[in-house]
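Reader: I'd like to go through the labels one at a time and hear what backs each of them. Could you take me through it?

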Amino acid sequence: MIATRTVWGHIQSGDHRLMHKVHRWRAPRWFRILTVTMTRLGDGWLWYSLGLILAIFGGEHRFLAIGAGTTASAAGILLFRTLKRASRRKRPCEIEPHCWSLVLPPDKYSFPSGHSITAFAVAVSIGLFYPDLQIVLLAVALCIATSRIILGMHFLSDVLAGSAIGILLGYCAFHLFAAL
């Protein structure tokens with residue numbers, strides 16, 4: 001129990017140091033636009049569009065890929081909602097005001113990052129069906145996850161945990177649907 005508190009205390013200390021730096025950084029305008037755009041794409045628009053494009057142009061594996069992506073993201077949504085209610089961790093933007101971001105959080109709690117879970121769940125599950133797209137999908141997922149920290153929505157540990165969960169869900173969903 002004491003070891004767990006020590007580890008968690010160390011993680012929170014690092015999270016708060018990074019939060020203070022990020023919240024005081026005046027990013028260039030182009031970078032602000034990029035981070036807001038990435039977080040908005042992670043709200044679902046990108047994934048719905050990707051599903052539509054795959055349905056039309058995705059070839060023989062399109063329905064398996066869409067099924068895997070949908071399953072991974074749905075499982076991720078259920079999981080992050082449950083974990084957020086259990087953790088009740090405050091968001092960085094509630095602890096300290098951000099110097100330029102006016103983006104409002106989609107819900108009350110921070111841990112884990114739902115955007116990161118969904119982004120990596122979809123990127124991994126679909127990327128494994130379409131290896132030529134995998135690097136681009138993972139880069140987009142990474143940009144979405146990073147934008148959540150920069151905009152003051154999440155701590156680094158929220159995003160790392162969410163990304164790991166998303167990767168695991170995406171991998172499992174791919175194998176589940178690839179076996180069909």
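**Labels and what backs them**

Author: Let's start with Phe174, which counts as buried at 14% relative accessibility. Keep in mind that this is a predicted model.

Reader: Why is Phe174 called buried?

Author: Buried means under 20% relative accessible area, and Phe174 has 14%, so the label fits. Phe174 sits in helix H7.

Reader: And what makes Phe57 exposed?

Author: The cut-off for exposed is over 50%. Phe57 comes in at 68%, so exposed it is. Phe57 belongs to helix H2, and joins Leu52, Ile53 and Ile56 in a nonpolar surface patch of about 470 Å².

Reader: How do you know that Lys84 and Asp107 form a salt bridge?

Author: The nitrogen has to be within 4 Å of a carboxyl oxygen. Here the closest N and O atoms are 3.1 Å apart, so the pair qualifies. Lys84 is in helix H3 and Asp107 in the loop between H4 and H5, so the bridge ties together parts 23 residues apart in sequence.

Reader: What makes Lys84, Arg91 and Asp107 a network?

Author: Asp107 also meets Arg91 in a salt bridge, at 2.5 Å from N to O. With Asp107 bridged to Lys84 as well, these residues are linked.

Reader: Are Arg91 and Asp107 buried or partly exposed?

Author: Arg91 has 0% relative accessibility, so it counts as buried. Asp107, at 27%, lies between the 20% and 50% cut-offs, so it is partly exposed.

Conventions
Residues numbered from 1 in each chain as written. Predicted model: local features only at pLDDT ≥ 70, side-chain atom pairs only at ≥ 80, totals over all residues. Heavy atoms only, no water. Patch = residues over 30% accessible without salt bridge, like charges linked within 9 Å, V, L, I, M, F, W, Y side chains within 5 Å. Areas by Shrake-Rupley, 256 points an atom, 1.4 Å probe, with all protein chains shown as cover. Salt bridge = Lys/Arg side-chain N within 4 Å of Asp/Glu carboxyl O. Helix = DSSP H or I, 4+ residues; strand = E, 2+ residues; numbered from the N terminus. Buried < 20%, exposed > 50% of the residue type's maximum accessible area, 1.4 Å probe, protein only.
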